[in-house]
Amino acid sequence: MTDPVLAALRDLAEPAPATLADRVVDGWLRVPGPLGEVYAVVGARGVRLLRPAAFAGELDAFLEDYRSRHGRPVRPAPRAPRGLLPALRGRGEGPALDLGDLTPFAREVLAVTARIPAGQIRPYGWVAREAGHPAAVRAVGTVLARNPVPLLVPCHRVVRSDGDVGQYLSGRADKVALLEREGVELAHLEALAAAGTRLVGSDTTGVVCFPTCHHARRITTAHRHGFPSLARARAAGYRPCRDCRPS
DNA sequence: CCAACGGCGTGCT
DNA sequence: AAGCACGCCGTTG
């Protein structure tokens with residue numbers, strides 16, 4: 001078990017000179033994350049696999065998971081890649097990712113998901129549409145269920161359209177914890193959904209948003225209107241927000 | 001190639 | 001209102 005503080009300090013240390021092995025062999029590491037420690041495997045092009053340690057089990061199981069996916073040798077990584085530790089603390093753009101072996105559809109789904117800001121959530125159906133496959137809602141779920149780099153690609157921010165938080169790799173409890181940590185008011189959103197409100201608009205701007213969009217949060221209660229669908233909002237003269245692009 | 005399988009959505013009770 | 005059945009669709013064995 002690695003001391004989180006020591007692990008963090010290690011990231012600040014001078015990078016070791018790159019050896020040939022650093023370029024050819026992938027490296028594993030164990031670092032602190034928002035739900036406890038995580039294992040990661042990093043290749044020359046970026047992070048290839050990441051798992052919460054509590055979910056992955058022992059290191060051996062994690063490395064076997066990686067080997068079964070890629071069949072490449074793994075050794076301990078000399079250091080964490082730039083941006084990994086800050087990203088796991090919710091800061092920065094995150095480290096480079098190596099998702100090269102995924103299908104184009106899966107890559108697109110993850111790319112769309114990666115753009116959801118912290119503190120906000122979007123439905124699976126929205127991701128499907130943004131990825132250019134509006135009917136592949138369920139397939140989006142399958143892709144996210146196999147997200148090789150959870151936390152870095154924030155699949156916990158994708159939820160069901162009915163207000164339920166939905167499933168998650170390591171269980172709904174983790175998903176809820178991650179979202180609440182980011183300031184998402186799940187109870188409030190569930191109440192909204194239960195009342196049939198999926199979008200909110202401002203009658204001063206005529207714009208409708210997902211409730212967690214930063215524009216939506218600025219609407220004062222006097223000017224706030226809820227809508228069950230974009231069609232209904234449009235019928236009332238509203239247009240979709242250009243930032244959260246409600247569908 | 002085909003069939004089964006999901007972190008879903010929706011319409012019907 | 002909560003639950004269920006069925007449709008959808010990209011992967012995988």
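This report describes the protein surface around DNA strand B and one annotated region of the chain. The model is predicted.

**Surface near DNA strand B**

The surroundings of DNA strand B comprise 17 residues, of which Arg138, Leu144, Ala145, Cys155 and Gln167 come nearest. By residue class, this surface holds nine nonpolar, five polar and three charged residues. On the side of the nucleic acid, sugar or phosphate accounts for 41% of the atoms of DNA strand B within 4 Å of the protein, and bases account for the rest.

**Polar contacts**

Contacts to DNA strand B involve base atoms as well as a phosphate oxygen, as tabulated here.

| Protein residue and atom | Atom of DNA strand B | Distance |
|---|---|---|
| Tyr124, side-chain N or O | base nitrogen | 2.6 Å |
| Leu144, polar backbone atom | base oxygen | 2.2 Å |
| Ser161, backbone N or O | phosphate oxygen | 3.0 Å |

Two elements each give two or more residues to the surface near DNA strand B: helix H7 (124-130) and helix H8 (137-145). The largest share comes from H8, with seven residues. Tyr124, whose side chain makes the contact to a base nitrogen, lies at the start of helix H7 (124-130). Leu144, whose backbone makes the contact to a base oxygen, falls within helix H8 (137-145).

**Annotated region**

An unreviewed UniProt entry places the feature "domain: Ada DNA repair metal-binding" at residues 194-246. Over residues 194-246 the chain is 25% strand and 13% helix. The end C-alpha atoms of this segment are 18 Å apart.

How values were computed. Residues numbered from 1 in each chain as written. Chains lettered and ligands numbered in written order. Predicted model: local features only at pLDDT ≥ 70, side-chain atom pairs only at ≥ 80, totals over all residues. Heavy atoms only, no water. Near = heavy atom within 4 Å. Polar contact = N/O pair within 3.5 Å; in protein donor to acceptor, adjacent residues only side chain to side chain. Helix = DSSP H or I, 4+ residues; strand = E, 2+ residues; numbered from the N terminus. Nonpolar A, V, L, I, M, F, W, Y, C, P; charged D, E, K, R; others polar. UniProt positions renumbered as here; feature names shortened; annotations may be inferred.
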